[in-house]
Amino acid sequence: MAGRASPDPSPHRPVNVLLCGVRGSMPAPGLAFHRVGGHTSCVAIEASDGRLLVLDAGSGFTRLADELHGYALRGTVLLTHLHWDHWQGLPFLPNADRDDAEVSLLLPRQGDTSAHELLARSMSPPHFPIDPSGLRGAWTWDTLDEGTHHVEGFEVTAGAVRHKGGRTFGFRVSDGDATLAYLPDHAPNTSSPAELDAAEDLVRDVDVLVHGGQFLASERRLADAFGHATVEDAVGLAVRARVRQLVLVHHAPRRTDEQIDALAASFEGGDVEVLVGREGDRLVINGA
Ligand SMILES: [Zn+2]
């Protein structure tokens, strides 16, 4: 993977990240959206031995077919929450639905309900032809608590964040040098002071913060109603937490390429480097 983040030639093996889906709410097909990309939330991080750590499995999950070159998916999928746009791609990646696939799926704990049952509420007849057990290969489903876990060779800290309609996590992923945080669905504006402090701690000093930016300041009422950030909220959080680079994702499904280009230009020269995440972007994170 080659990318556009830091060119630092440190001996540390960089962390390679692929943005597989950067849309929020629903896929956005069509010529007006093709440069930014239409797939919903998914970020893939290269682990060791060809394994992957995948954050969310929206429709962008299916892009991994191009990365796996005919090999089965082996790795872990962490879901931030259970809204459709964060796991609708799960049954549609052929590399993850074959006998030699090995996938551990982890999602935020919701009381005593098992992960399989939580998924099966949406993924089972009559809503869908199969339930999660219908996926071929060695799949496991489990719930995840807040705190720090060791996943695919990374230190992953899960922190609950304010969103709407179901427990939602943000993730901080580190290999000891390079650090990425991923909060696609997060509402700083309606967070309590304690929630805001916790979110800032989760993303503090990271090399790359991948954060939702579905709404504009002029859409504040909608952002709050949907439980999301405005781009200004995301920039404010990034500045306060001293992140090196902010990558905006979870773009509104009707926000065109031209509108997103204009948005990106408006942040040039600010207090934090802001990039608009585009589907297919590869980030190389070198760390300190
Ligand atoms: Zn959501």
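Before turning to the hairpin I note the convention I rely on: two strands pair if DSSP finds at least two bridges between them. I also keep in mind throughout that this is a predicted model.

**Entry 1, the hairpin of β7 and β8.** I looked up how these two strands meet, and found that β7 and strand β8, residues 154-160, pair in the antiparallel sense over 5 bridges. Going through the partners, I saw that G147 stands opposite A158 in β8, and that H149 has V156 of β8 as its bridge partner. I then checked the turn, where 2 residues lie between the strands and E152 takes a positive phi near 50°.

**Entry 2, the sheet that holds the hairpin.** Stepping outward, I traced an open sheet of 7 strands with mixed pairing, whose order is β7-β8-β9-β10-β11-β12-β13. The edges of this sheet are β7 (147-151) and β13 (273-276), each of which pairs on one side only. From one strand to the next I noted an average twist of 20°. I looked next for a helix on this sheet and found α5, residues 231-240, which packs on it and touches β11 (208-212), β12 (245-249) and β13. The direction of α5 makes about 155° with that of β12.

**Entry 3, the other sheet I traced.** Here, too, 7 strands form an open sheet with mixed pairing, and I wrote down the order as β6-β5-β4-β3-β2-β1-β14. At its edges stand β6 (138-144) and β14 (282-285), and because each has a single partner strand, one side of each is left without a neighbour in the sheet. The twist in this sheet averages 20° from one strand to the next. Within it I looked up one pair in detail: strand β2 (residues 42-46) and strand β3 (residues 52-55) run antiparallel to each other and pair over 4 bridges. For I45 I recorded L53, in β3, as the bridge partner.

**Entry 4, T113.** I asked myself where T113 lies, and found this residue in the loop between β5 (102-108) and α2 (115-120). Is T113 buried or exposed? I counted 11 other C-beta atoms within 10 Å of T113, and since a residue is taken as exposed if 12 or fewer lie within that distance, I entered T113 as exposed. Lastly I looked up a separation along the chain and in space: T113 and A28 are 85 residues apart along the chain, and their C-alpha atoms are separated by 32 Å.

Terms used:
Residues numbered from 1 in each chain as written. Predicted model: local features only at pLDDT ≥ 70, side-chain atom pairs only at ≥ 80, totals over all residues. Axes fitted to C-alpha atoms, helices over the stretch in contact; angles between N-to-C directions. Contact = placed C-beta atoms within 7 Å. Buried ≥ 20, exposed ≤ 12 C-beta atoms within 10 Å, placed from the backbone.
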